[in-house]
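Open the model in your viewer and keep the selection panel at hand. This tour goes stop by stop.

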Amino acid sequence: MNTALATTTATTPVLRRATPLLHHCSLTTKSPVFRLNGVRFGSSVQKISKKFLRISASSQSASAAVNFTADATIPKEMKAWVYSDYGGVDVLKLESNIAVPEVKEDQVLIKVVAAALNPVDAKRRQGKFKATDSPLPTVPGYDVAGVVVKVGSAVKDFKEGDEVYADVSEKALEGPKQFGSLAEYTAVEEKLLALKPKNIDFAQAAGLPLAIETADEGLVRTEFSAGKSILVLNGAGGVGSLVIQLAKHVYGASKVAATASTGKLELVRSLGADLAIDYTKENIEDLPDKYDVVFDAIGMCDKAVKVIKEGGKVVALTGAVTPPGFRFVVTSNGDVLKKLNPYIESGKVKPVVDPKGPFPFSRVADAFSYLETNHATGKVVVYPIP
């Protein structure tokens, strides 16, 4: 047992579960067929161009009927992925005797059903912001979707049995949670949570929180509004695929352009891009049009600043920042998820899950390795989590 990790959480008395948790969970899925921009979609996870995309749409929720009736169903220990040193994927270890996190008065305990990886997960594990990180050892993971099994005394809006999703760390780089989502259980502040959209399943929901909050906050910070134009660099990525959809279907963009590789141009068009740019064949500096906003999700700020209109804005998520470009670190906020839930439930905004996933819980190390190739389409999701 990882003693250092256990001693940080074992102070809260937790009763043993009466029966195996897997016996409490059943999943069902129903999905209609529909069309998006002339492209036919069927089940909740489908492929475009037969090989590169899983895109979630108006599927019925794959709901977990979890019958937790008392703390007796919550174990003292859980399975979790842990690292005790910074480094490569090899530092990740699957442990089976990690103490279930304690629940503070403003938190809920979630039985994790699905989680997702983000580039910040890899950077954190590599020690790139160790000065502001929480203490080692670490259970990684920001994105979660699951079922509330216990609520703190000050929690008002959630109850046991609620299906929820969240980015579990309010500040991604400043003291992120020591106990993240790549575990059977995680504790999350009420203010970071939202009810899971009814029309998507847990795997789809897990891919949304950090990315969609980043996309939305970036648009807010650039003062994006109806009638403005935007260029999204890396439109097929986890954040970029959501920036396209929010700009077009939530904020009312007059024009959305997005870069992608040749095989992913159809994807960005299906998400709402009016102009799909093949970055392997075209240089964005040669584009005839200028844009009110460039959302750089790939690290090309030096080029991005050359294609904005006078007074335009560039937000850069990674790489060097060239003025007037700027960078921000997302703040997790359940109110943002609540604001966007109606657009997700109406089908206007859709999660994009990379076709190589979901990765089972036993293959989290493989999921990290794939994420770090920087070739994922949409989000890398881990599901199911036992």
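Which side chain of opposite charge is nearest to aspartate 167, and how far away is it? Lysine 177 is, at 7.8 Å. Aspartate 167 is buried (under 20% relative accessible area, 1.4 Å probe, protein chains only). It has no salt bridge (a side-chain nitrogen of Lys or Arg within 4 Å of a carboxyl oxygen of Asp or Glu). Here Lys and Arg count as positive, Asp and Glu as negative; His and the chain ends are not counted.

Before moving on: this is a predicted model, where local features need pLDDT of at least 70 and side-chain atom pairs pLDDT 80 or more, while totals for chains, interfaces and linings use all residues. Residues are numbered from 1 along each chain as its sequence is written, and side-chain values use heavy atoms, without hydrogens and water.

Select strand E8, residues 163–167, which holds aspartate 167. Strands are DSSP runs of at least two residues (E), helices of at least four (H or I), numbered from the N terminus. Show serine 169: its backbone nitrogen is 3.2 Å from the aspartate 167 side chain. Add the contacts of aspartate 167 (heavy atoms within 4.5 Å), among them Tyr142, Leu192 and Ser332.

Next, the five-strand open sheet, ordered E13-E12-E11-E14-E15 with parallel pairing (at least two DSSP bridges between two strands). Its edge strands are E13 (275–278) and E15 (308–316). Select tyrosine 291: its bridge partner in E15 is isoleucine 308.

Last, helix H4, residues 209–221. H4 lies across E11, E14 and E15.

Key
Buried < 20%, exposed > 50% of the residue type's maximum accessible area, 1.4 Å probe, protein only. Polar contact = N/O pair within 3.5 Å; in protein donor to acceptor, adjacent residues only side chain to side chain. Axes fitted to C-alpha atoms, helices over the stretch in contact; angles between N-to-C directions. Lists of a residue's contacts leave out its neighbours within four places in sequence.
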